[in-house]
Amino acid sequence: MTPGSALRAPRPIETVNEFAADVIAGLTAKPKHLPPKYFYDLAGSSLFDRITDLPEYYPTRSELDLLTKHAPEIASLFPPAYALVEFGSGSSRKARIVLRAAASVEAYVPVDISGDFLREDAARLRRDFPHLSIIPVVADFTAMTELPAEIAAKPRAGFFPGSTIGNFEPHEACAFLRRAGGILGAGSVLIVGVDLEKAPDILYRAYNDAEGVTAKFNLNLLARINRELGANFDLAAFEHHAFYNAERYRIEMHLASTKRQKVRIGETSIEFRAGETIHTENSYKYSVDSFQAMARGAGWAPLKAWTDGLFSVHALRMAQD
Ligand SMILES: C[S@@+](CC[C@H](N)C(=O)[O-])C[C@H]1O[C@@H](n2cnc3c(N)ncnc32)[C@H](O)[C@@H]1O
């Protein structure tokens, strides 16, 4: 293989056993919950891509517009001959805007847990950006400690769009920002996309689209458990629920059991009451100030924030040693 062509996993990502253990632990807990990282198998990543094109889902449109408008200024913050590292790259649609504006970028390192989707994306990126080293890394970004050896000597810039930061609890978001600072290094710049607090009806519509794609994305988690762990979830007996929790500044996504039922996962039997839910995801909303305060607490100095009133894109710099 040529350098940079391998699909790297600096640490083995979750195995079937780890997936099974997390699912059983989450579904036997009170209240029931599942880690959102398991949304993203090939089917889940494809459904998320469809969500980003929905008319109700303003975050992607807003962030794409902000990145397009400010790409030259964003690119001017990056050092010469650098590697751009994206955490949770998905289809790399937003990175493409930054990569096109950045004359001095030499390598792009998309990091994602969704290995098959990442592999397909890396092939397209190599075709579209033949002058760049494309170095995909299959990893859980909450457990990553290092980057591929090829970019060890290069300055790095970080990219964390999509409001993926909102899926963490605030203390986890702070821990992630610290980890990213350690990986990217002193003096590095990180660009983060953060969804803003806003009128609950706009938020409600964004997570309850008329076409039902977000519901399919949520239910795919149960379909994945059936496929990979041989469980017998009846998808027709669970409903997508998404609502804004104003006290906690977050959208909550749940899967609600429409009836009393038992589900088997391997040897384990899980009971559901009618109306009982599995909490599958949070999406925290921030103000520009509350996000910048959190970033400061994780060692990052806010350089600039661009917003359109709905969404924000932040440039942060890690303190020098
Ligand atoms: C909300 S999507 C954002 C995708 C893309 N960056 C965008 O802005 O459209 C979150 C992405 O992060 C990935 N992801 C979620 N949890 C992850 C984890 N713990 N480690 C690595 N990737 C993760 C998912 O596979 C998905 O591609």
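**Figure 1. Polar contacts of the ligand with Asp112, Lys94 and Gly88 in the predicted model.** A polar atom in the side chain of Asp112 is placed 2.5 Å from an oxygen atom of the ligand. An oxygen atom of the ligand also lies 2.8 Å from an N or O atom in the Lys94 side chain. At Gly88 the partner belongs to the backbone: one of its polar backbone atoms is 2.7 Å from a nitrogen atom of the ligand. The ligand taken alone exposes 590 Å², of which the protein buries 93%.

**Figure 2. The residue shell around the ligand.** The ligand is surrounded by 17 residues, and the closest are Gly88, Lys94, Asp112, Asp140 and Phe141. Sorted by class, this shell consists of six nonpolar, six polar and five charged residues.

**Figure 3. Helix H8 and its kink at Asn220.** Helix H8 comprises 17 residues, from 213 to 229. The distance from its first C-alpha to its last is 24 Å, close to the 24 Å expected at 1.5 Å a residue. A kink of about 30° is centred on Asn220. The helix is mostly covered, with 14 of its 17 residues buried. Gly230 follows H8 and has a positive phi, near 65°.

**Figure 4. Side-chain contacts of His240 in strand S8.** His240 belongs to strand S8, which spans residues 238-245. Its relative accessible area is 16%, under the 20% limit, and His240 is therefore classed as buried. The His240 side chain reaches the backbone oxygen of Tyr207 at 2.9 Å. A polar contact of 3.0 Å joins the side chain of His240 to the side chain of Asn218.

**Figure 5. The cis peptide bond between Lys30 and Pro31.** The peptide bond from Lys30 to Pro31 is cis, and its omega is near -5°. Pro31 is located in the loop that runs between helix H1 (16-28) and strand S1 (32-33).

**Figure 6. Positive phi at Ser92, in a loop.** Ser92, a residue other than glycine, has a positive phi near 55°. The loop that holds Ser92 lies between strand S2 (82-87) and helix H4 (93-101). Ser92 counts as buried because its relative accessible area is 1%.

**Figure 7. Positive phi at Ser163, in a loop.** Phi of Ser163 is positive, near 55°, in a residue other than glycine. Ser163 sits in the loop between strand S6 (156-160) and helix H6 (170-184). With a relative accessible area of 6%, Ser163 is buried.

Conventions
Residues are numbered from 1 along each chain as its sequence is written. This is a predicted model: local features need pLDDT of at least 70, side-chain atom pairs count only at pLDDT 80 or more; totals for chains, interfaces and linings use all residues. Side-chain values use heavy atoms; hydrogens and water are left out. A residue is near a molecule or strand if one of its heavy atoms lies within 4 Å of it. A polar contact is a pair of N or O atoms within 3.5 Å; within protein, one must be able to donate a hydrogen and the other to accept it, and residues adjacent in sequence count only if both atoms are side-chain atoms. Accessible areas come from the Shrake-Rupley method with a 1.4 Å probe; for residues, only the protein chains shown count as cover. Ala, Val, Leu, Ile, Met, Phe, Trp, Tyr, Cys and Pro count as nonpolar, Asp, Glu, Lys and Arg as charged, and the others, Gly among them, as polar. Helices (H or I, at least four residues) and strands (E, at least two) are DSSP runs, numbered from the N terminus. The expected span of a helix is 1.5 Å times one less than its number of residues. The bend at a residue is the angle between axes fitted to the seven residues ending there and the seven starting there. Buried means under 20% relative accessible area, exposed over 50%, partly exposed in between (1.4 Å probe, protein chains only).
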